[in-house]
Amino acid sequence: MKVYLEVGSFLKRFTSEQTNLEINISGDKTAAEVVLSAGVPEEEIGFITVNGQKVDSDYVLKENDIIRVYPIIVGG
Amino acid sequence: MPKVLKAEGMNKCIGCFTCMLACAGVNHRNHSISKSAIKVRTSGGLQGKFVSVVCLACKDERACAEACPSGALEKRPGGGVILKKEKCIGCRKCESACIVGAVHFDEDENKPIICKHCGVCAKFCPHECLEMEETANDL
Amino acid sequence: MIYEKYIRVLYLDLTTKKIRIEHRKDLYSYLGGVGVASKLLEENLKPELDPMDPQQPVIFAIGAASTIFPVVTKTVAMFWSPLTGELGESYAGGRMAMTLFLAGYDAIVITGSSSKPTYITISRNNVEFKDARAFWGLSCDEVGRVVREREPGGGKRSIIRIGPAGENLVSYACVCVDTYRHFGRLGLGAVLGSKKLKAISIVGDRDLPIKNFKDYFKVYQEIYNKVTDTSIMSKYHDAGTPVNIEPLNAAGGLPTKNLRQNVFEHGDKISGETFAHKNLVRKMACTGCPVGCIHIGQFRREFDKGHEYEAVSVSYDYELLFALGSFLGIKSSDEVLQLIEVVEKLGLDAMSTGVVLGWATEALAKNLITLEQTLVPLAFGNTQAYITAIEYIAYKKNEFYSILAQGAEKASEIYGGKEFAMTFGKNEMPGYHTGYGSVIGPTVGARHSHLCNGGYSIDQSMKEFDKEKLVEKLFKEEKERCMLNSLIICLFARKVYDRETILAALNSIDYNLTNEDLDAIGERIYKTKLRIKKMMGYDGKNVRFPKRLFETPSMSGQLDEKVAYELLDMYNKKVEEMMAKEDA
Ligand code: SF4
Ligand code: SF4
Ligand code: SF4
């Protein structure tokens with residue numbers, strides 16, 4: 001099945017500058033697995049939303065889900 | 001082939017002074033940026049651009065060496081000069097002879113600070129402002 | 001003093017124009033930075049006198065490893081804050097730490113007050129008090145320019161100065177350091193203003209041989225590689241902290257319109273990416289920092305009809321985009337930069353200014369105050385009105401603005417609206433509404449800043465909310481940062497400076513410390529700060545939370561006031577326990 005991954009300005013450095021990816025997955029995959037396999041390192045992931053809702057990283061994806069990954073909040 | 005320092009990427013400079021701290025540290029075993037052979041400055045306050053003042057590695061004729069009355073500055077293969085400390089009398093003639101102001105003077109040692117073109121500053125510049133360039137031996 | 005077992009303190013008395021230097025062996029166990037500064041503040045403070053009394057001290061101190069290791073760049077200032085009425089502690093980067101280091105002073109204690117405006121020049125072999133009457137009234141950048149032209153030492157000089165807001169004793173006036181850095185928070189600018197001290201110029205150029213070159217340089221290289229290889233480089237240098245706008249806005253943690261909202265509908269127009277595209281013109285660094293997180297943004301201003309434009313550059317980072325952006329409902333990057341520029345010129349703390357104006361905007365809408373008082377129609381998104389209001393604050397235009405110049409807490413005491421005066425311990429809030437950590441952290445933090453213990457960061461990393469764990473983490477982090485701030489590292493590099501690295505660095509420059517020593521130092525410093533706070537009349541039990549924090553959901557969902565007070569109690573207990581213990 002097909003899911004969509006959106007990567008914001010900062011994290012796109014890990015996805016060869018691609019911001020919108022269409023990904024084919026087979027079987028049960030979690031949101032975090034898809035993000036990691038797209039190349040975003042675990043320590044850079046702040047949180048993940050699916051269809052606009054914040055989800056836990058073990059959220060299991062459904063057909064046409066739109067995943068968006070956000071960087072961690074930085075500062076002193 | 002000999003190498004010389006080229007500061008051609010100064011438009012990328014962030015003014016971190018790491019080059020100066022590294023040069024002073026490695027070449028003079030000193031924490032003070034005043035011992036560095038490269039000087040990073042702003043032209044016109046911090047709102048101005050960063051520029052570097054460092055030996056340009058003149059070839060053929062070296063004004064600083066010509067001005068030295070005691071022969072303490074020897075031509076360096078590929079450009080620039082080598083300071084022979086024991087011959088230097090601290091007269092500061094080289095300082096005024098260098099028209100780009102790249103001969104700095106060490107008041108504590110009473111000797112000029114001469115760039116060796118060793119490349120340490122380039123190695124520690126985090127933003128590729130400084131580079132070592134191969135050049136023909138002019139001697 | 002590096003390689004010596006004492007701290008070299010320069011005492012300056014502005015009343016008598018006399019100076020004194022002391023070599024303080026007893027301060028050595030406080031390492032440097034905030035440790036030394038706390039101790040010097042404690043012994044020079046006059047608790048019986050007013051916070052702004054001329055006799056009150058201002059302390060500046062550099063750290064035990066300043067300048068000579070990567071990203072160890074900060075100078076600390078400690079004072080009696082006119083904003084909170086208690087501990088004033090603020091940090092600035094730029095070149096100040098390097099110049100003090102190479103001028104040969106670990107700390108400066110300034111007391112007294114000058115009868116006429118003055119500025120001080122400091123170098124390794126001279127200190128002078130000079131006439132600054134003609135500088136009085138000048139903006140931060142103008143006074144920087146004139147001092148730069150008058151004083152020697154370009155390249156190895158640092159110039160710190162106040163603007164009109166400091167002269168006029170605005171409680172959250174800042175001190176500008178080398179154009180783009182600041183002692184921003186808690187009103188140091190007003191304290192210098194009360195002493196009639198307009199600027200300090202420091203030149204550092206002494207000879208300072210390295211003692212154990214091999215050891216030192218090995219550690220230096222390791223840290224340098226760690227800094228430049230890890231992602232802190234890309235994070236803080238590339239788009240910088242403004243990248244925070246995007247995740248905070250998406251997760252509902254971006255304080256917007258006086259925290260009536262946790263999401264800003266125009267967040268994308270002031271995001272880090274937008275600034276990078278439209279305004280970013282260059283990046284800069286503090287001395288000794290390979291990262292270079294200082295982002296300079298430019299906007300174009302029409303100063304006359306007929307296409308007469310000038311380009312104006314100011315530095316921006318996340319906290320500014322929050323305070324003078326989302327918090328005031330400002331919808332474009334150019335407008336945010338315009339507000340930053342006014343704040344910079346006048347010498348105000350950007351965060352407090354934004355948050356104070358957020359309160360005023362809502363208070364006006366709720367008719368707690370009137371247009372006759374505000375003089376301009378303050379409304380979220382109205383940049384022009386805010387520009388004028390910021391000037392009115394700096395010059396205390398009328399009675400209302402004189403009160404606004406004392407902070408949101410004070411203004412809400414007089415006009416009402418405490419529920420939405422967004423302060424922690426009387427200090428205006430930072431840009432994180434991330435959960436209990438962002439609420440409790442700055443409330444219990446020694447200087448009521450998010451930087452005391454990084455509460456927002458704990459919110460983010462804590463998988464499941466656990467009261468005990470949160471309190472424990474905040475407490476631990478507060479102590480750890482007391483130690484880090486005695487070095488004084490830039491907190492952006494705190495992940496690089498783990499204990500092992502710190503010990504290697506310090507021991508390569510002749511300290512002889514163990515991990516336990518570092519623990520003890522952190523605790524010793526924290527206790528000193530808490531003693532000072534008590535002297536200043538602070539009681540952790542008397543703090544309050546503005547109700548708004550519990551009305552607008554946070555990034556971790558709705559917060560419960562009862563839980564917040566419970567956490568506060570728990571933290572206070574920990575502090576009491578520590579204070580009852582003998583010094584380790
Ligand atoms: S010191 Fe000046 S004159 Fe001498 S070689 Fe270098 S640039 Fe040329
Ligand atoms: S090349 Fe070597 S001597 Fe010359 S400025 Fe760089 S570090 Fe110093
Ligand atoms: S190290 Fe590079 S970026 Fe830093 S001041 Fe030197 S030339 Fe500029």
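**Exercise 1: A helix in chain B**

Which residue, just after H1(B), takes a positive phi, and where does H1(B) stand with respect to the rest of the structure, enclosed or not?

*Solution.*
- Step 1: Look just past H1(B), where Arg29(B) has a positive phi of about 50°. Helices here are DSSP runs of H or I with at least four residues, strands are E runs of at least two, and both are numbered from the N terminus.
- Step 2: A word on the model before going on. It is a predicted one, so local features need pLDDT of at least 70 and side-chain atom pairs count only at pLDDT 80 or more, while totals for chains, interfaces and linings use all residues. Residues are numbered from 1 along each chain as its sequence is written, chains are lettered from A and ligands numbered from 1 in the order in which they are written, and side-chain values use heavy atoms, with hydrogens and water left out.
- Step 3: Count the buried residues. Buried means under 20% relative accessible area, exposed over 50%, and partly exposed in between (1.4 Å probe, protein chains only). Helix H1 of chain B spans residues 18-28, and nine of its 11 residues are buried, so the helix is largely enclosed by the rest of the structure. Among them are Cys19(B), Leu21(B), Cys23(B) and Asn27(B).
- Step 4: Find the partners. The buried residues of H1(B) pack against strand S2 (39-42) and helix H4 (120-124) of chain B, and also against helix H6 (213-229) of chain C. Contact means heavy atoms within 4.5 Å.

**Exercise 2: Chains that meet**

Of the two pairs of chains in contact, which shares the most contacts?

*Solution.*
- Step 1: Chains B and C share the most.
- Step 2: Chains A and B, by contrast, do not touch, and 18 Å separates their nearest C-alpha atoms.

**Exercise 3: Around the ligands**

How do the residues around ligand 1, ligand 2 and ligand 3 divide by class?

*Solution.*
- Step 1: Set the cut-off. A residue is near a molecule or strand if one of its heavy atoms lies within 4 Å of it.
- Step 2: Set the classes. Ala, Val, Leu, Ile, Met, Phe, Trp, Tyr, Cys and Pro count as nonpolar, Asp, Glu, Lys and Arg as charged, and the others, Gly among them, as polar.
- Step 3: Take ligand 3, whose surroundings include Cys13(B), Cys16(B), Cys19(B), Cys125(B) and Cys129(B). Its shell has 11 nonpolar residues, one polar residue and no charged ones.
- Step 4: Turn to ligand 1, with Cys55(B), Cys58(B), Arg62(B), Cys64(B) and Cys98(B) among the residues around it. That shell divides into seven nonpolar, one polar and one charged.
- Step 5: Finish with ligand 2. Of its 13 residues, Cys23(B), Cys115(B), Lys116(B), Cys118(B) and Cys121(B) come nearest. The classes are nine nonpolar, three polar and one charged, and H1 and H4 of chain B each supply at least two residues.

**Exercise 4: Salt bridges in chain C**

Where in chain C do the partners of Glu222(C), Glu362(C) and Glu576(C) lie, and are these residues buried or exposed?

*Solution.*
- Step 1: State the rule: a salt bridge is a side-chain nitrogen of Lys or Arg within 4 Å of a carboxyl oxygen of Asp or Glu. The count by this rule is 47 over all chains.
- Step 2: Glu222(C) meets Lys218(C) at 3.6 Å, N to O. The two sit four residues apart in helix H6 of chain C, so about one helical turn separates them. Glu222(C) is partly exposed because its relative accessibility is 43%, while Lys218(C), at 53%, is exposed.
- Step 3: Glu362(C) bridges to Arg548(C), with the closest N and O atoms 2.6 Å apart. This pair links distant parts of the chain, helix H12 (residues 350-365) and helix H22 (residues 548-551), 186 residues apart. Both partners are buried: Glu362(C) has 1% relative accessibility and Arg548(C) has 7%.
- Step 4: Glu576(C) pairs with Lys541(C) at 3.2 Å. Glu576(C) lies in helix H23 (residues 561-580) and Lys541(C) in the loop between helix H21 (515-535) and H22, 35 residues apart. Glu576(C) is partly exposed at 43%, and Lys541(C) is exposed at 54%.

**Exercise 5: A second covered helix**

How many residues of helix H2 of chain C are buried, and which residue follows H2(C)?

*Solution.*
- Step 1: Eight of the eight residues (96-103) are buried, including Met96(C), Phe101(C) and Ala103(C).
- Step 2: Gly104(C) follows, with a positive phi near 95°.
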